[in-house]
Amino acid sequence: MVKFGYTIVYVDDVEKTLHFFNEAFNMKTRFLHDTKTYGELDTGETVLAFASHDLGHSHFPDGYLQAGNSEKPLGIEIALVTKDVQTAHNAAIVYGSTELKAPTVMPWGQTVSYVRAPSGILLELCSPMS
């Protein structure tokens, strides 16, 4: 059996990215390597991690598309579930995100917004599905 273990996003500055999630969403840092090239958030069983572009280039010497360098957000998002989407959306903006879509109630009743974090990551902020 295969189990989903973690997602790693390559970013310009791991420590600043962790700080953004700490401040904007009160998500705590679980681990930051001494080199500051890799860090994880305390997100429960499945880990959300960040690694430096230097580390990414050591894995992919031919390169890869960097979320922060693309004009448009990459076609992958990280969804953060909250009962108060508007407050999370506002905090994301205060801490440097760019609004892509204001909180909107979807036809199925879920409230959803989209922001692009300072690192370029596409974030969906959404209410729980009922």
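Which residue follows H1, and what is the sign of its phi? In this predicted model, H1 is followed by asparagine 26, and the phi of asparagine 26 is positive, near 55°.

Helix H1 itself covers residues 14-25. With twelve residues, H1 runs 16 Å from its first C-alpha to its last, close to the 16 Å expected at 1.5 Å a residue. At the N-terminal end, the cap comes from aspartate 13: one of its side-chain oxygens sits 3.1 Å from the backbone nitrogen of glutamate 15. As for what is tucked away, the buried residues of H1 are Val14, Thr17, Leu18, Phe20, Phe21, Ala24 and Phe25. Looking down the helix axis, these buried residues fall within an arc of 150°, so they line one face of H1.

Two of these residues also pair up through their rings. Phenylalanine 21 and phenylalanine 25 are four residues apart in H1, which puts about one helical turn between them. In general, an α-helix has 3.6 residues a turn, so residues three or four places apart point the same way. The ring centres of phenylalanine 21 and phenylalanine 25 are 5.9 Å apart with the planes at 50°, and because that angle is neither under 30 degrees nor over 60, the pair counts as tilted. Both of these phenylalanines are buried. The pairing goes further, too: ring pairs join Phe20, Phe21, Phe25 and Phe50 into a cluster.

Across the structure there are eight aromatic pairs. Another one of them brings together tyrosine 10 and tyrosine 64, again tilted, with 5.2 Å from centre to centre and 40° between the planes. This pair ties together distant parts of the chain, 54 residues apart: tyrosine 10 belongs to strand S1 (residues 6-11), while tyrosine 64 sits in the loop between helix H2 (53-59) and strand S5 (77-81). Tyrosine 64 has a relative accessibility of 23%, so it counts as partly exposed; the cut-off for buried is under 20%.

Serine 127 makes for a different kind of story. It lies in the segment after strand S8 (122-126). Its relative accessible area is 11%, so serine 127 is buried. The side chain of serine 127 reaches over to the backbone nitrogen of threonine 111, at 2.9 Å. Setting aside neighbours within four places in sequence, the contacts of serine 127 are with Val81, Thr82, Val85, Gln110 and Thr111. Threonine 111 thus turns up both as a contact of serine 127 and as the owner of the backbone nitrogen that the serine side chain reaches.

Definitions and conventions:
Residues are numbered from 1 along each chain as its sequence is written. This is a predicted model: local features need pLDDT of at least 70, side-chain atom pairs count only at pLDDT 80 or more; totals for chains, interfaces and linings use all residues. Side-chain values use heavy atoms; hydrogens and water are left out. Rings of Phe, Tyr and Trp (its six-membered ring) pair if their centres lie within 6.5 Å; planes under 30 degrees apart count as stacked, over 60 as edge-to-face and the rest as tilted. Helices (H or I, at least four residues) and strands (E, at least two) are DSSP runs, numbered from the N terminus. Buried means under 20% relative accessible area, exposed over 50%, partly exposed in between (1.4 Å probe, protein chains only). A polar contact is a pair of N or O atoms within 3.5 Å; within protein, one must be able to donate a hydrogen and the other to accept it, and residues adjacent in sequence count only if both atoms are side-chain atoms. Contact means heavy atoms within 4.5 Å. The expected span of a helix is 1.5 Å times one less than its number of residues. The arc is that of the directions from the helix axis to the C-beta atoms.
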